[in-house]
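I opened this notebook to keep track of what I looked up, one topic at a time. The entries follow the order in which I went through the chains.

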Amino acid sequence: MKGSIIIVSFFIAGVLLGRFVDVPSLLTAEEPTLYALYALMFLVGISIGSDKKALEALKHQNLKIMLVPLATIIGTLGGTALISLVLSGKSLTDCLAVGAGFGYYSLSTIFITQYKGAELGTIALVSNILRELIALLAAPLLVRYFGKLAPISVGGATTADTTLPIITKFCGKEFVIVSIVHGITVDLSVPFLVTFFCTI
Amino acid sequence: MIIVISLMVCGIVLGYIFREKNLKIVQKLINYAIFLLLFLLGITVGANADVMNNLNSIGLEALIITLAAISGSILCAWAVYRFFFISTK
């Protein structure tokens with residue numbers, strides 16, 4: 001819990017700074033975040049490689065690992081299909097297309113803006129950023145109440161990169177491989193599913 | 001994503017080679033990197049006028065869709081965890 005509060009504080013401090021202070025464009029550019037991410041992944045790699053238990057966990061993985069991305073895709077599409085009944089202004093395929101971004105906001109926003117217009121494109125952007133944020137911020141709570149696969153499933157397409165460090169931290173190193181396989185599989189499904197729901 | 005995974009593989013190889021060394025500092029550095037990353041992500045969100053202004057109107061619909069998507073995911077992930085991951089331990 002303490003870890004989560006510290007993390008949220010850093011994020012909120014960033015939001016306030018970005019909102020009210022005219023920060024140098026260097027800080028909002030993609031590069032600093034990207035390089036911080038690279039450094040982080042390298043460090044996470046070292047901690048996995050030096051962990052003798054992680055190697056043991058890897059040896060015991062099998063095909064059931066593919067059930068995790070499958071659960072994420074089915075769960076997300078089911079949930080967004082149901083909610084389209086409640087949202088009056090949005091059609092079934094609108095909601096499915098937004099949901100099929102799985103947190104991969106750059107790609108899904110481009111697709112949806114192109115096929116469905118700027119309004120749904122903006123919704124897709126905000127929705128998928130929120131998904132990534134919730135995965136980052138709620139990971140410890142998700143683990144406690146819904147098990148160690150919940151943060152991975154909520155992380156969607158981001159679990160092979162941006163949310164991997166946080167998942168490693170709260171789910172343990174034995175879930176790193178699950179998280180990476182999940183991220184890559186869901187990531188690959190995004191362009192196919194989003195275009196499919198945009199064009200039917 | 002290929003760069004990210006390659007970097008991690010390099011780290012894994014290095015970590016494996018030096019696994020007998022004391023690597024406690026790595027865990028500390030990981031925490032600092034997470035804090036920095038979230039701080040930078042916050043700045044990007046706060047400085048993006050489109051995201052901040054639209055969070056009121058369009059944001060509500062986005063939030064509803066997100067919560068629906070996440071709830072479905074959590075439900076399925078919990079079921080998979082409960083029936084395929086815990087029971088085999």
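Before turning to packing, I fixed the term contact, which means heavy atoms within 4.5 Å. I also note at the outset that this is a predicted model.

**Entry 1, helix α6 of chain A.** I began with helix α6 (residues 92-99) of chain A, which is mostly covered, since seven of its eight residues are buried. The buried residues I listed are A:Thr93, A:Asp94, A:Cys95, A:Leu96, A:Ala97, A:Val98 and A:Gly99. I then looked up what they pack against, and found α5, α7 (105-116), α8 (118-146) and α11 of chain A, together with α4 of chain B.

**Entry 2, α5 of chain A against α4 of chain B.** Two packed helices are described by the angle between their axes and the distance between the axes. For helix α5 (residues 67-83) of chain A and α4(B), I noted that the axes come within 7 Å and cross at roughly 145°, and that the crossing is right-handed. On the side of α5(A) the residues that meet α4(B) include A:Leu67, A:Ala71, A:Gly75, A:Gly79 and A:Ile83, while among those of α4(B) I wrote down B:Ile64, B:Ala68, B:Gly72, B:Cys76, B:Val80 and B:Phe84. Sorted by character, the residues of this contact divide into 14 nonpolar, seven polar and no charged.

**Entry 3, aromatic rings.** I next asked how many aromatic pairs the structure holds over all chains. There are five. The pair I followed up is that of A:Phe175 and B:Tyr81, whose ring centres are 6.5 Å apart and whose planes stand at 50°, so the pair is tilted. A:Phe175 lies in the loop between α10 (164-171) and α11 (176-199) of chain A, and B:Tyr81 lies in helix α4 (residues 57-86) of chain B, so this pair joins two chains. Are the two residues buried or exposed? A:Phe175 is buried at a relative accessible area of 6%, and B:Tyr81 is buried as well, at 12%. I also recorded that ring pairs link A:Phe175, B:Tyr81 and B:Phe85 into a cluster.

**Entry 4, charges over rings.** B:Phe85 came up again here, because I found the charged end of A:Lys64 over its ring, 4.7 Å from the centre. Within chain B, I noted that B:Arg19 lies over the face of B:Tyr16, at 4.1 Å from the ring centre.

**Entry 5, chain B as a whole.** I looked up the secondary structure of chain B, which comes to four helices and zero strands, with the elements running α-α-α-α from the N terminus on. Of the 89 residues in chain B, buried residues make up 39%.

**Entry 6, two single residues.** B:Gly11 lies in helix α1 (residues 2-17) of chain B and counts as buried, at 0% relative accessibility. Leaving aside neighbours within four places in sequence, I found B:Gly11 in contact with A:Phe42, A:Gly45 and A:Ile46. For a sense of distance I checked B:Gly11 and B:Gly46, which are 35 residues apart in sequence and 33 Å apart in space, C-alpha to C-alpha. In chain A, I looked at A:Thr168, which lies in helix α10 and counts as buried at 10% relative accessibility. With neighbours within four places in sequence again left out, A:Thr168 is in contact with A:Val44, A:Lys173 and A:Val176.

Methods
Residues are numbered from 1 along each chain as its sequence is written. Chains are lettered from A and ligands numbered from 1 in the order in which they are written. This is a predicted model: local features need pLDDT of at least 70, side-chain atom pairs count only at pLDDT 80 or more; totals for chains, interfaces and linings use all residues. Side-chain values use heavy atoms; hydrogens and water are left out. Rings of Phe, Tyr and Trp (its six-membered ring) pair if their centres lie within 6.5 Å; planes under 30 degrees apart count as stacked, over 60 as edge-to-face and the rest as tilted. Buried means under 20% relative accessible area, exposed over 50%, partly exposed in between (1.4 Å probe, protein chains only). A charge sits over a ring if NZ of Lys or CZ of Arg is within 6 Å of the ring centre and within 35 degrees of the ring normal. Axes are lines fitted to C-alpha atoms, for helices over the stretch in contact, and angles run from 0 to 180 degrees between N-to-C directions. A crossing is left-handed if the near helix is turned anticlockwise from the far one by less than a right angle, and right-handed if clockwise. Ala, Val, Leu, Ile, Met, Phe, Trp, Tyr, Cys and Pro count as nonpolar, Asp, Glu, Lys and Arg as charged, and the others, Gly among them, as polar.
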